[in-house]
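Please open the structure in your viewer and keep the selection tool at hand. We will go through a few stops in turn, and at each one you will be told what to select.

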Amino acid sequence: DRGGSSRLSAEFGSKEDKRADTNGISSPPVTTGNSGSSKLEGFERDANRKILKGQTARRKREQDEQKRIMREQQEAKKREYDGRVNDHVESLRHEHLVREEKNIQELKGRVAELMGFNEAELLNAPFGAPVIHPAWLRPEDICPICLVRKPGCPFCWEFPKGFAPVDYEHKGKKGEHDLVDTKPKIHTDLTTVGALQTFRHINSSYTNVLVKTIPAGPVIELRVLPTDNVGYLHHLFRSKSEFGMHDQARLFIPTVNGIYCLDNDQVPESELTLALYTADIALQRYGFMGEAFPVVLLHAMGEIGLFHDTFQHLIERQVHLPTQPKTDIIHHLEGLVEITIGNDALQESLLQLFEKQLTLDRKVAQDDLDEEAKELHEKMHAEEEMRKAMELRKKKKERDARMAAKEKKKQRKGRKIAKLKKPPLPELSSTA
């Protein structure tokens with residue numbers, strides 16, 4: 001009936017009002033008619049629904065607009081902050097560059113002043129005098145050698161106070177029962193010649209190489225690692241031998257099975273030929289196996305035919321083997337797997353022969369040095385004796401001059417005294 005429908009309309013309206021209140025949007029009151037007006041109620045519900053949608057969309061647009069405004073404000077503040085930061089960084093960089101340039105100019109001025117101040121002292125310093133440490137270098141100055149004050153720099157770095165290089169030298173691997181090292185730590189323990197020798201003796205196995213220049217050249221001794229390459233071996237030989245820079249110089253390994261050529265080629269790849277880098281081959285592929293097995297090499301200059309004749313003459317006259325060794329020259333590691341230098345009979349015979357020649361050459365060189373040192377000592381002794389004689393003659397001349405001046409002064413003084421003691425002349429009388 002009419003009363004029931006009005007109660008339903010009131011309940012429906014209260015539910016709609018509650019739903020609208022939960023969304024934060026007020027809704028207009030819903031009125032209902034009698035039970036026969038369901039179509040009108042449907043229209044009213046649709047109208048209320050459209051109103052709610054419009055209010056929701058309007059509120060969402062307002063929220064989006066507020067978010068956009070806040071985002072623009074934040075971006076503007078961020079751009080302003082970034083600009084201030086960049087300006088500050090640029091100003092700091094400019095100040096650093098100006099300060100660095102000023103320090104460099106001051107450093108150059110002090111270096112010039114120091115060199116001008118110590119020039120005479122450095123030129124007149126005795127041989128072997130220690131280098132003056134640049135204590136004038138301030139902590140904020142730039143080192144002209146390493147630029148960053150790197151440990152070990154010979155210009156700006158020194159050992160900790162109270163310690164010497166011998167205190168840090170390498171003495172082998174430390175044991176478990178060694179005392180705790182309380183010294184200040186530095187970047188290395190290879191501080192002396194003995195430390196370097198000890199380290200190399202423990203950690204490296206050098207191969208002694210005797211190189212004989214044929215037909216009548218000297219024997220020189222080199223030390224290389226098996227991991228060094230052929231190019232490095234040639235470099236050592238060129239730097240030590242007087243024949244190292246000769247054109248068409250080659251190094252050979254003489255063995256019973258043939259003569260292996262240590263090719264030192266560095267040919268890049270071209271359109272017609274392939275690359276050839278035999279200078280980069282490790283020496284261990286040629287049989288270099290460390291200090292237990294010395295190696296004998298032959299150095300030849302000129303044509304290969306002349307080398308064959310000279311090598312044949314050396315084998316016939318100086319080496320006595322049960323079998324004649326082969327004289328074929330092998331290039332580019334052909335057949336190298338058959339070589340064993342440590343057990344080769346020709347290598348052992350030539351090693352004994354060249355060691356005797358090396359000892360004799362060193363004795364002759366030492367005798368020449370001793371003779372030169374003796375002649376230099378005699379010359380210096382004669383010059384010293386002559387200098388002493390000249391100084392003695394000069395002193396004697398000065399002493400004679402002083403004695404003569406003293407004698408003249410004494411004579412003048414005597415004449416003056418005699419003149420004062422001379423009696424006066426007698427006066428004439430008036431009668432006379």
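What percentage of the 432 residues in the chain is buried? In this predicted model, buried residues make up 23% of the chain. Display the whole chain as a cartoon and you will find six helices and six strands, which run in the order α-α-α-β-β-α-β-β-β-α-β-α when you start from the N terminus. If you then switch on the surface, the accessible area comes to about 32,900 Å², and 56% of that belongs to carbon and sulfur atoms.

**First stop: a nonpolar patch**

Select Tyr81, Val85 and Val89, which together form a nonpolar patch on the surface with about 250 Å² of accessible area. Tyr81 lies in helix α2, which covers residues 38-123.

**Second stop: a buried residue**

Now move to Gln347, which is part of helix α6. Is Gln347 buried or exposed? Gln347 counts as buried because its relative accessible area is 2%, and the cut-off for that word is under 20%. Show its surroundings as sticks: leaving aside neighbours within four places in sequence, Gln347 is in contact with Ile253, Pro254, Pro294, Val295, Val296 and Ile341.

**Third stop: charged pairs along the helix**

Side chains of opposite charge can pair when their charged atoms come close. Select Lys363 and Asp367, which form a salt bridge whose closest N and O atoms are 3.3 Å apart. The two residues are four apart in helix α6, so about one helical turn separates Lys363 from Asp367. Lys363 counts as exposed, at 52% relative accessibility, whereas Asp367, at 38%, counts as partly exposed.

Continue to Arg387, which is partly exposed with a relative accessible area of 36%. Its side chain meets that of Glu384 in a salt bridge of 2.1 Å from N to O, and Arg387 also forms a salt bridge with Glu391, with the closest N and O atoms 2.6 Å apart. Glu384 is three residues from Arg387 in helix α6, which means that about one helical turn lies between them; Glu391 is four residues from Arg387 in that helix, again a separation of about one helical turn. Elsewhere, salt bridges that share partners join Glu65, Arg68 and Glu72 into one network.

**Last stop: a negative patch**

Finally, select Asp368, Asp370, Glu371, Glu372, Glu375 and Glu378, which form a negative patch on the surface. Asp368 sits in helix α6, which covers residues 345-421, and at 43% relative accessibility Asp368 counts as partly exposed.

Notes:
Residues numbered from 1 in each chain as written. Predicted model: local features only at pLDDT ≥ 70, side-chain atom pairs only at ≥ 80, totals over all residues. Heavy atoms only, no water. Buried < 20%, exposed > 50% of the residue type's maximum accessible area, 1.4 Å probe, protein only. Areas by Shrake-Rupley, 256 points an atom, 1.4 Å probe, with all protein chains shown as cover. Patch = residues over 30% accessible without salt bridge, like charges linked within 9 Å, V, L, I, M, F, W, Y side chains within 5 Å. Salt bridge = Lys/Arg side-chain N within 4 Å of Asp/Glu carboxyl O. Lys, Arg positive; Asp, Glu negative; His and termini not counted. Charge placed at Lys NZ, Arg CZ, Asp CG, Glu CD. Contact = heavy atoms within 4.5 Å.
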